[in-house]
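Student: I am new to this structure and should be grateful for a close look at a single part of it, the surroundings of the ligand.

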Amino acid sequence: MKEKNKKSRIEELVATFEAGKLTRRDFIKKATALGLSMAGALTIADRFFSKTRQAYAAQVDRSKLSKELNIYNWSDYIAEDTIPNFEKEFGVKVNYDTYEDNEAMLAKLQSGATGYDIVVPTGYMIEIMLIQGLLAPIDHDIIPNLKGVSDELRDPPYDPGRKHSVPWQWGTTGFAYNSKKVSGKIDSWKLLWDPQYKGKITLLDDMRSAISVALKYRGYSLNSTSKSELMEAKKMLMEQKPLLKAYISAPVKSLLISGEVWLSQLWVGDTLMAKDENNDIEYCIPKEGCEIWDDNLAIPKTAPHKYTAQVWMNYCLRPEVSAGVSNFVHYATPVEAAKKLIDKSDLNNPGIYPPPEVMKRLEFQKDVGEATRLYDQIWTELKAA
Ligand code: N2P
C-alpha cells in the first residue's frame, strides 16, 4: 500500500472510531493491520477516551451532587459494574432497592414512600403516573445524552417530548421453554394450556402481562377494554390455573435452570439470563403475538435528590454504560451508538431485536383507564382460585 494511501486509511479509521462506530478492541486490531504500531494505536485510543471523560466531566456541576441516590428498579435489571462505576466517578453512594412489577412500584409510591430518586416504569405506567401527578419534570440540559436515543424511542406517546422520562431498556414478553422437555411444534400460547405439562407451567406474577396471554391467545388486543373479551380471558385463565405451578416473575429463573418448570411466560432477557446457566432453555415469541415494552428512568415528584437523579439518567445513556447493561441482562439498548458495543449473539437474536415481520405481531401496553378495575377484579379472583 502506498504511504499516502495508508495514512488516509488510518485517518479514516480514527474518524470512524471517534464517531463511536468501532470498539476500542476493533480499532486497535484494524489500526495495527494497517501498519500502525501497537503503541501508536493505544495512544490514539487513550487520547479519545480521555477526551470523552473530560467532556463527560464538563456536563456535571459537582457542587450540586447529593451524597446519596436512591434507586428503585426491577430485580435482575442492571449490570454488576453500573452502580460501582457511577459511585466511583461521582462520589455518590447509591442505595438500591428492587421490585417485581409496575403495580407494586406504583402502590409503594401511592402509599407515601418518599425516599426514591429513580423508578423504572414501563411506558403505560408512565402514562398512569403522569395522570396521577407522581413524576417530576426533567431538564434536558442536564441530560445531553438524550440526543443519542434511537429514533423510535425519542418521542413516545406516553411522554411526548420526553419531559418526564428517559429510556432504560426494552424487550418482549414471550415464553421460555426447556427444549429437552417440551416437544412438538413450539410456536403458540396453546402450549401453556397443554395438560401434559401440568405443574411445569408458570405465568408472570403481573396483572396486565398474565391476562395478556389469554387475550392474545384468543386473538384480542392486550389492551382490551371489552367486558366480554375480558370475561372470556378470565374463563381461560381459570381453566389454566390447575395446570400452573405459580404466578411468578424474575425468581422463576432458578426453577427453569433446575428443570423444575418447563414453560414460563417470561421476558426475553430473563430467559436468556437463565439460558446462561442452562443451555436447554429457549425463548419463543408466539405466532399469536405478545407484548413489547420499553422501560424508563423517571423521577418521583417527592425525590430528595433530583439533580443527582438526572446525572444518573445521563450516565445511563452513555453508549458504553447502556451497552454494559444490555450485555449483562440481554435486553435491548435504547441508545443507537451502544449497538456497536453489543455482543453479536444478542444483536442477532430476533427475540431481543425483533425483525420487522416479528414486530408486526407485537403490541405495547397502554393505560386501559376505567377498565383497570376489571383487570384488578379478574386478577384478584385468579390469584385466590
Ligand atoms: C426484570 C426485567 C423485566 C422488565 N428482570 C419488564 N418490564
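Which cavity is the space taken by the ligand?

Tutor: The model is a predicted one, and in it the ligand takes up the space of the largest cavity. That cavity has a volume of about 160 Å³, and the count comes to 3 cavities of 30 Å³ or more. The largest cavity is lined by 17 residues, and those closest to its centre are Trp74, Thr122, Trp267, Trp293 and Asp295. By class, its lining consists of 6 nonpolar, 6 polar and 5 charged residues. Strand 9, which spans residues 290-298, gives the most to this lining, with 3 residues.

We may now turn from the cavity to the ligand itself. Around the ligand stand Trp74, Ser75, Asp76, Tyr77, Thr122, Trp267, Asp270, Trp293, Asp295 and Tyr331. This shell is made up of 5 nonpolar, 2 polar and 3 charged residues.

Some members of the shell place polar atoms close to nitrogen of the ligand, within the 3.5 Å used for a polar contact. For Ser75, a polar backbone atom is 2.8 Å from a nitrogen atom of the ligand. For Asp76, the polar atom likewise belongs to the backbone, and the distance to a ligand nitrogen is 3.3 Å. Asp270, by contrast, uses its side chain: a polar atom there lies 2.7 Å from a nitrogen atom of the ligand. Taken alone, the ligand exposes 260 Å², of which the protein buries 98%.

Terms used: Residues numbered from 1 in each chain as written. Predicted model: local features only at pLDDT ≥ 70, side-chain atom pairs only at ≥ 80, totals over all residues. Heavy atoms only, no water. Near = heavy atom within 4 Å. Polar contact = N/O pair within 3.5 Å; in protein donor to acceptor, adjacent residues only side chain to side chain. Areas by Shrake-Rupley, 256 points an atom, 1.4 Å probe, with all protein chains shown as cover. 1 Å grid on protein atoms, 1.4 Å probe; cavity = no way out; pocket = protein on both sides within 12 Å on 5 of 7 lines; lining within 4 Å. Sits in = over half its atoms within 2 Å of the grid points. Nonpolar A, V, L, I, M, F, W, Y, C, P; charged D, E, K, R; others polar. Points joined across faces, edges and corners; volume = space filled by probe spheres on them. Helix = DSSP H or I, 4+ residues; strand = E, 2+ residues; numbered from the N terminus.
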